[in-house]
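Student: I have a model open and want to go through its pockets, cores and ring pairs. Can we start with a pocket?

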Amino acid sequence: LNKNAHEVSSALNQIQQIQKSLNAQLQDLNRSLVLSRLLNKQQNVIPEIKLSYNLDEKIPDLNIWLYDLKELRDNLFDINKATDEAINLTPSLAENRSKVEAILKQRQNLYNTLYQELANELNTSIALKIDYTELNKLRAQVKNDITEKLFWIRSNQPISLEFLFTIIPFLSNEITSIGQKFYSDEFLENTLNTILNVSPLWLLAFLIIYLRKYLNRVENRLAMRLDKNDRIWVTPLAILVSILSQLPKMIWRIVLGAIFIILLLSDSSSQQKVIFMLSLHIAVFVFCLEILKPNSLAQRHFSIPPAELEQKRAIMSKIWFAAIPVLIIANIAEIDAANIYYDILGYLIVVISSLALAILSAKWLKNKLSSESLSPTMWIFAGLCICTPVIVLIMMLSGYYYTTVKLINRLAYTFYFGLLYWLLKNTIRRMMHTAENNLLKQRLQKLTNLKLKKEKN
(Lines give C-alpha, C1' and ligand atoms only; values in the text may rest on other atoms or scores of the structure.)
Protein backbone atom coordinates (compact mmCIF):
# COMPACT_ATOMS: atom_id res chain seq x y z
CA LEU A 1 0.00 0.00 0.00
CA ASN A 2 2.80 2.43 0.87
CA LYS A 3 4.53 1.53 -2.39
CA ASN A 4 1.37 2.24 -4.38
CA ALA A 5 0.90 5.52 -2.51
CA HIS A 6 4.44 6.57 -3.42
CA GLU A 7 3.96 5.57 -7.07
CA VAL A 8 0.66 7.45 -7.34
CA SER A 9 2.14 10.53 -5.70
CA SER A 10 5.13 10.50 -8.08
CA ALA A 11 2.88 10.00 -11.10
CA LEU A 12 0.64 12.85 -9.96
CA ASN A 13 3.64 15.18 -9.65
CA GLN A 14 4.84 14.13 -13.11
CA ILE A 15 1.47 14.84 -14.72
CA GLN A 16 1.27 18.21 -12.97
CA GLN A 17 4.66 19.13 -14.42
CA ILE A 18 3.50 18.11 -17.92
CA GLN A 19 0.35 20.21 -17.51
CA LYS A 20 2.35 23.28 -16.48
CA SER A 21 4.70 22.96 -19.45
CA LEU A 22 1.96 22.69 -22.12
CA ASN A 23 1.15 26.40 -22.40
CA ALA A 24 4.82 27.36 -22.40
CA GLN A 25 5.55 24.91 -25.21
CA LEU A 26 2.72 26.31 -27.33
CA GLN A 27 4.13 29.83 -26.99
CA ASP A 28 7.78 28.94 -27.56
CA LEU A 29 7.48 26.42 -30.41
CA ASN A 30 4.59 28.15 -32.24
CA ARG A 31 2.79 25.08 -33.67
CA SER A 32 5.87 23.65 -35.38
CA LEU A 33 6.69 20.03 -36.22
CA VAL A 34 8.95 19.98 -33.16
CA LEU A 35 5.92 20.79 -30.99
CA SER A 36 3.97 17.93 -32.57
CA ARG A 37 6.72 15.43 -31.87
CA LEU A 38 7.19 16.76 -28.32
CA LEU A 39 3.48 16.51 -27.55
CA ASN A 40 3.40 12.95 -28.89
CA LYS A 41 6.28 11.98 -26.63
CA GLN A 42 4.63 13.63 -23.63
CA GLN A 43 1.41 11.79 -24.37
CA ASN A 44 3.30 8.49 -24.32
CA VAL A 45 5.14 9.19 -21.05
CA ILE A 46 1.99 10.11 -19.14
CA PRO A 47 2.01 7.48 -16.38
CA GLU A 48 -0.87 5.06 -16.07
CA ILE A 49 -1.30 3.26 -12.77
CA LYS A 50 -3.96 0.63 -12.09
CA LEU A 51 -4.44 -0.58 -8.55
CA SER A 52 -5.00 -4.30 -8.03
CA TYR A 53 -7.59 -3.66 -5.32
CA ASN A 54 -10.66 -1.50 -4.87
CA LEU A 55 -10.12 1.34 -2.40
CA ASP A 56 -13.88 1.87 -2.04
CA GLU A 57 -14.07 -1.63 -0.54
CA LYS A 58 -10.74 -1.58 1.32
CA ILE A 59 -11.40 1.59 3.36
CA PRO A 60 -14.75 0.38 4.85
CA ASP A 61 -13.12 -2.99 5.63
CA LEU A 62 -10.31 -1.24 7.50
CA ASN A 63 -12.85 0.79 9.50
CA ILE A 64 -14.68 -2.40 10.50
CA TRP A 65 -11.43 -4.11 11.49
CA LEU A 66 -10.40 -1.10 13.56
CA TYR A 67 -13.76 -1.08 15.34
CA ASP A 68 -13.49 -4.80 16.17
CA LEU A 69 -9.87 -4.40 17.28
CA LYS A 70 -10.73 -1.40 19.45
CA GLU A 71 -13.40 -3.47 21.19
CA LEU A 72 -10.89 -6.28 21.90
CA ARG A 73 -8.31 -3.77 23.12
CA ASP A 74 -10.79 -2.08 25.46
CA ASN A 75 -11.61 -5.44 27.01
CA LEU A 76 -7.96 -5.65 28.12
CA PHE A 77 -7.79 -2.08 29.44
CA ASP A 78 -7.91 -3.37 33.05
CA ILE A 79 -5.47 -6.30 33.22
CA ASN A 80 -6.53 -7.37 36.73
CA LYS A 81 -10.18 -7.47 35.76
CA ALA A 82 -9.38 -9.41 32.59
CA THR A 83 -7.28 -11.87 34.63
CA ASP A 84 -10.13 -12.43 37.07
CA GLU A 85 -12.54 -13.09 34.21
CA ALA A 86 -10.14 -15.61 32.65
CA ILE A 87 -9.72 -17.41 36.01
CA ASN A 88 -13.48 -17.46 36.57
CA LEU A 89 -13.89 -19.16 33.19
CA THR A 90 -11.02 -21.60 33.88
CA PRO A 91 -10.41 -22.01 37.66
CA SER A 92 -7.29 -24.13 37.08
CA LEU A 93 -5.50 -20.95 35.93
CA ALA A 94 -5.58 -19.51 39.46
CA GLU A 95 -2.26 -21.22 40.32
CA ASN A 96 -0.57 -19.41 37.37
CA ARG A 97 -2.12 -15.95 37.82
CA SER A 98 1.17 -14.12 37.15
CA LYS A 99 1.67 -15.97 33.86
CA VAL A 100 -1.92 -15.20 32.81
CA GLU A 101 -1.31 -11.48 33.52
CA ALA A 102 1.90 -11.57 31.48
CA ILE A 103 0.13 -13.23 28.52
CA LEU A 104 -2.73 -10.70 28.66
CA LYS A 105 -0.22 -7.81 28.76
CA GLN A 106 1.51 -9.24 25.67
CA ARG A 107 -1.87 -9.54 23.97
CA GLN A 108 -2.67 -5.95 24.95
CA ASN A 109 0.60 -4.74 23.43
CA LEU A 110 -0.07 -6.72 20.26
CA TYR A 111 -3.57 -5.21 20.00
CA ASN A 112 -2.12 -1.71 20.44
CA THR A 113 0.54 -2.31 17.81
CA LEU A 114 -1.93 -3.84 15.38
CA TYR A 115 -4.41 -1.02 15.98
CA GLN A 116 -1.73 1.56 15.23
CA GLU A 117 -0.70 -0.25 12.06
CA LEU A 118 -4.29 -0.52 10.83
CA ALA A 119 -4.88 3.16 11.65
CA ASN A 120 -1.81 4.09 9.60
CA GLU A 121 -3.07 1.78 6.83
CA LEU A 122 -6.44 3.54 6.89
CA ASN A 123 -4.85 6.99 6.71
CA THR A 124 -2.63 5.87 3.85
CA SER A 125 -5.62 4.37 2.02
CA ILE A 126 -7.63 7.59 2.36
CA ALA A 127 -4.70 9.68 1.10
CA LEU A 128 -4.12 7.17 -1.71
CA LYS A 129 -7.75 7.36 -2.76
CA ILE A 130 -7.61 11.16 -2.91
CA ASP A 131 -4.38 11.14 -4.94
CA TYR A 132 -5.56 8.29 -7.19
CA THR A 133 -8.81 10.08 -7.98
CA GLU A 134 -6.92 13.28 -8.72
CA LEU A 135 -4.39 11.34 -10.82
CA ASN A 136 -7.04 9.77 -13.05
CA LYS A 137 -8.90 13.05 -13.42
CA LEU A 138 -5.76 15.03 -14.25
CA ARG A 139 -4.45 12.29 -16.54
CA ALA A 140 -7.65 12.31 -18.60
CA GLN A 141 -7.60 16.11 -18.74
CA VAL A 142 -3.95 16.29 -19.88
CA LYS A 143 -4.43 13.57 -22.51
CA ASN A 144 -7.49 15.39 -23.86
CA ASP A 145 -5.58 18.68 -23.94
CA ILE A 146 -2.65 17.12 -25.78
CA THR A 147 -4.97 15.31 -28.21
CA GLU A 148 -6.82 18.56 -28.93
CA LYS A 149 -3.57 20.47 -29.50
CA LEU A 150 -2.20 17.72 -31.75
CA PHE A 151 -5.38 17.87 -33.81
CA TRP A 152 -4.74 21.48 -34.84
CA ILE A 153 -1.03 21.33 -35.68
CA ARG A 154 0.95 19.61 -38.41
CA SER A 155 2.37 16.21 -37.61
CA ASN A 156 4.38 15.80 -40.84
CA GLN A 157 6.13 17.92 -43.41
CA PRO A 158 3.86 19.35 -46.12
CA ILE A 159 4.48 18.20 -49.66
CA SER A 160 7.64 19.79 -51.02
CA LEU A 161 10.86 18.92 -52.86
CA GLU A 162 12.58 18.33 -49.53
CA PHE A 163 9.82 15.95 -48.49
CA LEU A 164 10.02 14.06 -51.81
CA PHE A 165 13.77 13.64 -51.41
CA THR A 166 13.32 12.17 -47.90
CA ILE A 167 10.60 9.66 -48.87
CA ILE A 168 12.99 6.96 -50.10
CA PRO A 169 15.37 7.06 -47.08
CA PHE A 170 12.50 7.13 -44.58
CA LEU A 171 10.68 4.34 -46.41
CA SER A 172 13.85 2.25 -46.52
CA ASN A 173 14.43 2.75 -42.78
CA GLU A 174 10.84 1.82 -42.02
CA ILE A 175 11.03 -1.40 -44.02
CA THR A 176 14.36 -2.25 -42.37
CA SER A 177 12.92 -1.68 -38.89
CA ILE A 178 9.99 -3.96 -39.75
CA GLY A 179 12.44 -6.68 -40.76
CA GLN A 180 14.44 -6.25 -37.55
CA LYS A 181 11.33 -6.83 -35.44
CA PHE A 182 11.27 -10.50 -36.43
CA TYR A 183 14.49 -11.14 -34.49
CA SER A 184 13.36 -9.59 -31.19
CA ASP A 185 12.03 -11.86 -28.44
CA GLU A 186 9.56 -9.19 -27.32
CA PHE A 187 7.96 -9.00 -30.78
CA LEU A 188 7.62 -12.79 -30.99
CA GLU A 189 6.15 -12.99 -27.48
CA ASN A 190 3.62 -10.20 -28.13
CA THR A 191 2.67 -11.63 -31.52
CA LEU A 192 2.16 -15.12 -30.06
CA ASN A 193 0.00 -13.60 -27.32
CA THR A 194 -2.10 -11.80 -29.94
CA ILE A 195 -2.49 -14.98 -32.02
CA LEU A 196 -3.63 -16.94 -28.96
CA ASN A 197 -6.16 -14.25 -28.07
CA VAL A 198 -7.72 -14.21 -31.55
CA SER A 199 -7.56 -18.00 -32.04
CA PRO A 200 -11.22 -18.46 -30.99
CA LEU A 201 -12.13 -16.69 -34.24
CA TRP A 202 -10.63 -19.60 -36.19
CA LEU A 203 -12.64 -22.13 -34.21
CA LEU A 204 -15.78 -20.08 -34.78
CA ALA A 205 -15.05 -19.89 -38.52
CA PHE A 206 -14.63 -23.67 -38.80
CA LEU A 207 -17.85 -24.18 -36.83
CA ILE A 208 -19.76 -21.85 -39.18
CA ILE A 209 -18.29 -23.60 -42.24
CA TYR A 210 -19.52 -26.90 -40.82
CA LEU A 211 -22.98 -25.41 -40.22
CA ARG A 212 -23.12 -23.37 -43.40
CA LYS A 213 -25.50 -25.68 -45.27
CA TYR A 214 -27.83 -25.65 -42.30
CA LEU A 215 -27.69 -21.82 -42.12
CA ASN A 216 -28.46 -21.59 -45.84
CA ARG A 217 -31.49 -23.84 -45.39
CA VAL A 218 -32.70 -21.71 -42.47
CA GLU A 219 -32.25 -18.55 -44.54
CA ASN A 220 -34.23 -20.01 -47.44
CA ARG A 221 -37.00 -21.20 -45.12
CA LEU A 222 -37.26 -17.72 -43.62
CA ALA A 223 -37.50 -16.26 -47.12
CA MET A 224 -40.32 -18.73 -47.98
CA ARG A 225 -42.27 -17.61 -44.90
CA LEU A 226 -42.45 -14.04 -46.20
CA ASP A 227 -45.43 -14.87 -48.44
CA LYS A 228 -47.15 -17.67 -46.51
CA ASN A 229 -46.62 -17.59 -42.75
CA ASP A 230 -44.87 -14.30 -42.02
CA ARG A 231 -44.06 -13.22 -38.45
CA ILE A 232 -42.46 -10.10 -36.98
CA TRP A 233 -39.36 -12.06 -35.88
CA VAL A 234 -38.60 -13.43 -39.38
CA THR A 235 -36.56 -10.43 -40.59
CA PRO A 236 -34.44 -10.02 -37.39
CA LEU A 237 -33.71 -13.75 -37.43
CA ALA A 238 -32.78 -13.57 -41.12
CA ILE A 239 -30.32 -10.75 -40.32
CA LEU A 240 -28.74 -12.84 -37.56
CA VAL A 241 -28.44 -15.89 -39.81
CA SER A 242 -26.91 -13.75 -42.56
CA ILE A 243 -24.29 -12.39 -40.16
CA LEU A 244 -23.40 -15.88 -38.94
CA SER A 245 -23.13 -17.29 -42.46
CA GLN A 246 -20.71 -14.52 -43.45
CA LEU A 247 -18.34 -15.00 -40.50
CA PRO A 248 -15.85 -17.22 -42.43
CA LYS A 249 -15.53 -14.54 -45.15
CA MET A 250 -15.00 -11.92 -42.48
CA ILE A 251 -12.44 -13.93 -40.54
CA TRP A 252 -10.05 -14.78 -43.38
CA ARG A 253 -10.03 -11.10 -44.37
CA ILE A 254 -9.37 -10.17 -40.75
CA VAL A 255 -6.45 -12.62 -40.67
CA LEU A 256 -4.88 -11.03 -43.75
CA GLY A 257 -5.24 -7.57 -42.25
CA ALA A 258 -3.94 -8.80 -38.88
CA ILE A 259 -0.68 -9.95 -40.51
CA PHE A 260 -0.11 -6.41 -41.80
CA ILE A 261 -1.00 -4.94 -38.39
CA ILE A 262 1.35 -7.29 -36.52
CA LEU A 263 4.19 -6.27 -38.82
CA LEU A 264 3.68 -2.57 -38.06
CA LEU A 265 2.96 -2.80 -34.32
CA SER A 266 5.07 -4.56 -31.72
CA ASP A 267 2.97 -4.12 -28.60
CA SER A 268 0.42 -6.87 -28.00
CA SER A 269 -2.29 -4.57 -26.60
CA SER A 270 -1.94 -2.20 -29.57
CA GLN A 271 -2.11 -5.11 -32.00
CA GLN A 272 -5.30 -6.40 -30.42
CA LYS A 273 -6.96 -2.96 -30.37
CA VAL A 274 -6.28 -2.37 -34.07
CA ILE A 275 -7.33 -5.92 -34.99
CA PHE A 276 -10.58 -5.36 -33.11
CA MET A 277 -11.23 -2.16 -35.08
CA LEU A 278 -10.29 -3.95 -38.31
CA SER A 279 -12.83 -6.66 -37.45
CA LEU A 280 -15.50 -3.99 -37.11
CA HIS A 281 -14.66 -2.42 -40.49
CA ILE A 282 -14.55 -5.76 -42.31
CA ALA A 283 -17.73 -7.04 -40.65
CA VAL A 284 -19.67 -3.96 -41.74
CA PHE A 285 -18.49 -4.05 -45.34
CA VAL A 286 -18.83 -7.82 -45.81
CA PHE A 287 -22.32 -7.84 -44.32
CA CYS A 288 -23.44 -4.88 -46.45
CA LEU A 289 -22.04 -6.40 -49.63
CA GLU A 290 -23.79 -9.69 -48.83
CA ILE A 291 -27.27 -8.28 -48.15
CA LEU A 292 -27.06 -6.10 -51.28
CA LYS A 293 -26.68 -9.15 -53.56
CA PRO A 294 -29.61 -9.90 -55.90
CA ASN A 295 -32.23 -12.16 -54.31
CA SER A 296 -30.61 -11.61 -50.93
CA LEU A 297 -31.87 -10.12 -47.67
CA ALA A 298 -32.37 -6.53 -48.87
CA GLN A 299 -34.44 -7.65 -51.88
CA ARG A 300 -36.38 -10.39 -50.06
CA HIS A 301 -37.21 -8.55 -46.85
CA PHE A 302 -36.95 -4.84 -47.71
CA SER A 303 -38.38 -5.05 -51.27
CA ILE A 304 -35.55 -3.01 -52.80
CA PRO A 305 -35.49 -3.26 -56.63
CA PRO A 306 -32.65 -5.41 -58.06
CA ALA A 307 -31.34 -2.57 -60.26
CA GLU A 308 -30.99 -0.29 -57.24
CA LEU A 309 -29.30 -3.07 -55.27
CA GLU A 310 -26.81 -3.71 -58.05
CA GLN A 311 -25.94 -0.02 -58.21
CA LYS A 312 -25.49 0.29 -54.44
CA ARG A 313 -23.40 -2.88 -54.28
CA ALA A 314 -21.12 -1.68 -57.08
CA ILE A 315 -20.50 1.58 -55.20
CA MET A 316 -19.96 -0.22 -51.90
CA SER A 317 -17.48 -2.72 -53.37
CA LYS A 318 -15.37 0.10 -54.85
CA ILE A 319 -15.44 2.00 -51.58
CA TRP A 320 -14.41 -1.21 -49.79
CA PHE A 321 -11.17 -1.70 -51.74
CA ALA A 322 -10.07 1.92 -51.26
CA ALA A 323 -11.36 2.52 -47.72
CA ILE A 324 -10.10 -0.57 -45.87
CA PRO A 325 -6.36 0.29 -46.26
CA VAL A 326 -7.09 3.86 -45.14
CA LEU A 327 -9.01 2.66 -42.08
CA ILE A 328 -6.27 0.20 -41.07
CA ILE A 329 -3.58 2.88 -41.32
CA ALA A 330 -5.81 5.39 -39.52
CA ASN A 331 -6.28 3.04 -36.55
CA ILE A 332 -2.57 2.18 -36.42
CA ALA A 333 -1.51 5.83 -36.67
CA GLU A 334 -3.94 6.95 -33.96
CA ILE A 335 -2.70 4.32 -31.50
CA ASP A 336 0.99 4.67 -32.42
CA ALA A 337 0.90 8.47 -32.77
CA ALA A 338 4.44 8.92 -31.42
CA ASN A 339 5.90 7.40 -34.61
CA ILE A 340 3.54 9.11 -37.03
CA TYR A 341 6.31 11.50 -38.16
CA TYR A 342 8.29 8.55 -39.57
CA ASP A 343 5.31 6.62 -40.95
CA ILE A 344 5.95 7.19 -44.65
CA LEU A 345 4.41 3.84 -45.66
CA GLY A 346 1.10 4.64 -43.99
CA TYR A 347 1.23 8.19 -45.35
CA LEU A 348 1.60 6.97 -48.93
CA ILE A 349 -1.20 4.40 -48.51
CA VAL A 350 -3.64 7.05 -47.24
CA VAL A 351 -2.69 9.48 -50.02
CA ILE A 352 -3.05 6.88 -52.79
CA SER A 353 -6.32 5.50 -51.38
CA SER A 354 -7.78 9.00 -50.98
CA LEU A 355 -6.87 9.83 -54.56
CA ALA A 356 -8.49 6.56 -55.72
CA LEU A 357 -11.68 7.34 -53.78
CA ALA A 358 -11.84 10.82 -55.32
CA ILE A 359 -11.44 9.41 -58.84
CA LEU A 360 -14.07 6.70 -58.21
CA SER A 361 -16.50 9.28 -56.86
CA ALA A 362 -15.95 11.54 -59.88
CA LYS A 363 -16.51 8.64 -62.31
CA TRP A 364 -19.67 7.59 -60.48
CA LEU A 365 -21.04 11.15 -60.62
CA LYS A 366 -20.22 11.42 -64.33
CA ASN A 367 -22.01 8.14 -65.12
CA LYS A 368 -24.95 9.19 -62.96
CA LEU A 369 -25.33 12.52 -64.75
CA SER A 370 -25.12 10.89 -68.18
CA SER A 371 -28.01 8.51 -67.39
CA GLU A 372 -30.38 10.55 -65.23
CA SER A 373 -30.97 13.89 -63.53
CA LEU A 374 -30.07 14.02 -59.85
CA SER A 375 -32.42 15.03 -57.06
CA PRO A 376 -31.27 17.61 -54.46
CA THR A 377 -30.58 14.80 -51.99
CA MET A 378 -28.40 12.95 -54.52
CA TRP A 379 -26.52 16.17 -55.28
CA ILE A 380 -25.70 16.52 -51.58
CA PHE A 381 -24.64 12.87 -51.40
CA ALA A 382 -22.49 13.22 -54.54
CA GLY A 383 -20.87 16.35 -53.13
CA LEU A 384 -19.98 14.53 -49.93
CA CYS A 385 -18.59 11.56 -51.87
CA ILE A 386 -16.26 13.80 -53.86
CA CYS A 387 -15.37 16.42 -51.24
CA THR A 388 -14.51 13.97 -48.44
CA PRO A 389 -11.58 12.18 -50.18
CA VAL A 390 -10.41 15.47 -51.75
CA ILE A 391 -10.30 17.17 -48.34
CA VAL A 392 -8.47 14.16 -46.88
CA LEU A 393 -5.96 14.31 -49.73
CA ILE A 394 -5.38 18.07 -49.30
CA MET A 395 -4.92 17.69 -45.54
CA MET A 396 -2.45 14.84 -46.01
CA LEU A 397 -0.42 16.81 -48.54
CA SER A 398 -0.45 19.79 -46.16
CA GLY A 399 1.11 17.71 -43.37
CA TYR A 400 -1.96 17.17 -41.16
CA TYR A 401 -1.53 13.40 -40.96
CA TYR A 402 -2.65 13.01 -37.33
CA THR A 403 -5.64 15.31 -37.86
CA THR A 404 -6.63 13.32 -40.93
CA VAL A 405 -6.54 9.90 -39.24
CA LYS A 406 -8.64 11.22 -36.36
CA LEU A 407 -11.22 12.54 -38.84
CA ILE A 408 -11.17 9.32 -40.88
CA ASN A 409 -11.99 7.20 -37.84
CA ARG A 410 -14.82 9.54 -36.81
CA LEU A 411 -16.19 9.59 -40.37
CA ALA A 412 -16.10 5.79 -40.46
CA TYR A 413 -18.08 5.53 -37.23
CA THR A 414 -20.58 8.10 -38.54
CA PHE A 415 -20.96 6.07 -41.74
CA TYR A 416 -21.53 2.89 -39.71
CA PHE A 417 -24.20 4.59 -37.61
CA GLY A 418 -25.85 5.66 -40.86
CA LEU A 419 -25.86 2.06 -42.09
CA LEU A 420 -27.20 0.87 -38.74
CA TYR A 421 -29.99 3.45 -38.95
CA TRP A 422 -30.85 2.30 -42.49
CA LEU A 423 -30.93 -1.35 -41.38
CA LEU A 424 -33.02 -0.66 -38.26
CA LYS A 425 -35.41 1.59 -40.16
CA ASN A 426 -36.12 -1.03 -42.81
CA THR A 427 -36.30 -3.83 -40.24
CA ILE A 428 -38.76 -1.97 -38.01
CA ARG A 429 -40.82 -0.93 -41.03
CA ARG A 430 -40.91 -4.55 -42.16
CA MET A 431 -41.91 -5.76 -38.67
CA MET A 432 -44.67 -3.16 -38.39
CA HIS A 433 -45.95 -4.05 -41.86
CA THR A 434 -45.99 -7.74 -40.91
CA ALA A 435 -47.79 -7.05 -37.63
CA GLU A 436 -50.38 -4.96 -39.48
CA ASN A 437 -50.98 -7.69 -42.07
CA ASN A 438 -51.32 -10.34 -39.37
CA LEU A 439 -53.86 -8.23 -37.51
CA LEU A 440 -55.85 -7.73 -40.72
CA LYS A 441 -55.77 -11.47 -41.38
CA GLN A 442 -57.00 -12.18 -37.86
CA ARG A 443 -59.84 -9.69 -38.23
CA LEU A 444 -60.83 -11.13 -41.60
CA GLN A 445 -60.74 -14.62 -40.12
CA LYS A 446 -63.00 -13.53 -37.25
CA LEU A 447 -65.44 -11.88 -39.66
CA THR A 448 -65.46 -15.01 -41.81
CA ASN A 449 -66.14 -17.22 -38.78
CA LEU A 450 -69.01 -14.95 -37.64
CA LYS A 451 -70.50 -14.99 -41.14
CA LEU A 452 -70.33 -18.81 -41.23
CA LYS A 453 -72.04 -19.05 -37.81
CA LYS A 454 -74.85 -16.76 -38.96
CA GLU A 455 -75.35 -18.82 -42.10
CA LYS A 456 -75.53 -22.04 -40.05
CA ASN A 457 -78.07 -20.48 -37.66
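Student: Which helices each supply at least two residues of the lining of the second largest pocket?
Tutor: This is a predicted model. In it, helix H2 (33-45), helix H5 (97-151), H11, H13 and H16 each supply at least two residues of that lining.

Student: Which one gives the most to the lining of the second largest pocket?
Tutor: H5 does, with four residues.

Student: And which residues lie nearest the centre of the second largest pocket?
Tutor: Asn44, Lys143, Lys273, Glu334 and Ile335, out of 22 lining residues. The volume of the second largest pocket is about 660 Å³.

Student: How do the residues of that lining divide into nonpolar, polar and charged?
Tutor: Six are nonpolar, eight polar and eight charged.

Student: OK, now the largest pocket. What volume does it have?
Tutor: About 1700 Å³. The lining of the largest pocket has 43 residues, and Ile315, Ile319, Phe381, Cys385 and Phe415 lie nearest the centre.

Student: How does the lining of the largest pocket divide by residue type?
Tutor: Into 28 nonpolar, nine polar and six charged residues.

Student: Where does the largest share of that lining come from?
Tutor: From H13, which gives 11 residues. Helix H11 (268-291), H13, helix H14 (344-371), helix H15 (376-397) and helix H16 (401-456) each supply at least two.

Student: What about closed space? How many cavities of 30 Å³ or more does the structure hold?
Tutor: Two. The second largest cavity has about 30 Å³ of space. Its lining consists of Glu219, Leu222, Ala223, Ala238, Ser296, Leu297, Arg300 and His301.

Student: Which elements give two or more residues to the lining of the second largest cavity?
Tutor: Helix H8 (212-224) and helix H12 (297-302). By type, the lining of the second largest cavity is four nonpolar, two polar and two charged residues.

Student: Switching to cores. Which residues have the most contacts inside the largest nonpolar core?
Tutor: Ile261, Ile282, Phe285, Val350 and Tyr401, in a core of 57 residues. Helix H13 (residues 306-335) gives the most to this core, with 12 residues.

Student: What does the second core include?
Tutor: The second core is separate and has 22 residues, including Ala5, Ala11, Ile46 and Leu138.

Student: Tyr401 came up in the core list. Which ring does tyrosine 401 pair with?
Tutor: Before that, the overall count: a search of the whole structure finds five aromatic pairs. One of them is phenylalanine 302 with tryptophan 422, edge-to-face, at 5.8 Å centre to centre and 85° between the planes. Phenylalanine 302 is in helix H12 and tryptophan 422 in helix H16, 120 residues apart, so the pair links distant parts of the chain.

Student: Are those two buried or exposed?
Tutor: Phenylalanine 302 counts as buried at 10% relative accessibility. Tryptophan 422 is partly exposed, with a relative accessible area of 21%. Back to your question: tyrosine 401 pairs with tyrosine 347, with ring centres 5.9 Å apart and planes at 80°.

Student: Why does that pair count as edge-to-face?
Tutor: Because the planes are at 80°, and an angle over 60 degrees counts as edge-to-face. This pair also links distant parts of the chain: tyrosine 347 is in helix H14 and tyrosine 401 in helix H16, 54 residues apart.

Student: Is tyrosine 347 buried or exposed, and tyrosine 401?
Tutor: Tyrosine 347 is buried, at 2% relative accessible area. Tyrosine 401 is buried too, at 0%.

Student: Which residues form an aromatic cluster?
Tutor: Phe285, Phe415 and Tyr416 form one. Phe285 is among the residues with the most contacts inside the largest core, and Phe415 is among those nearest the centre of the largest pocket.

Student: Last one. Where is leucine 76 placed?
Tutor: In the loop between helix H3 (55-75) and helix H4 (79-89).

Student: Buried or exposed?
Tutor: Leucine 76 is buried, because its relative accessible area is 7% and the limit is under 20%.

Student: What does leucine 76 touch, leaving out residues up to four places away in sequence?
Tutor: Ala82, Leu104, Arg107, Gln108 and Tyr111. Arginine 107 is 31 residues from leucine 76 along the chain, and their C-alpha atoms are separated by 8.3 Å.

Terms used:
Residues numbered from 1 in each chain as written. Predicted model: local features only at pLDDT ≥ 70, side-chain atom pairs only at ≥ 80, totals over all residues. Heavy atoms only, no water. Core = buried A, V, L, I, M, F, W, Y, C linked by side-chain atoms within 4.5 Å. Buried < 20%, exposed > 50% of the residue type's maximum accessible area, 1.4 Å probe, protein only. 1 Å grid on protein atoms, 1.4 Å probe; cavity = no way out; pocket = protein on both sides within 12 Å on 5 of 7 lines; lining within 4 Å. Points joined across faces, edges and corners; volume = space filled by probe spheres on them. Nonpolar A, V, L, I, M, F, W, Y, C, P; charged D, E, K, R; others polar. Contact = heavy atoms within 4.5 Å. Phe/Tyr/Trp six-rings, centres within 6.5 Å; stacked < 30°, edge-to-face > 60°.
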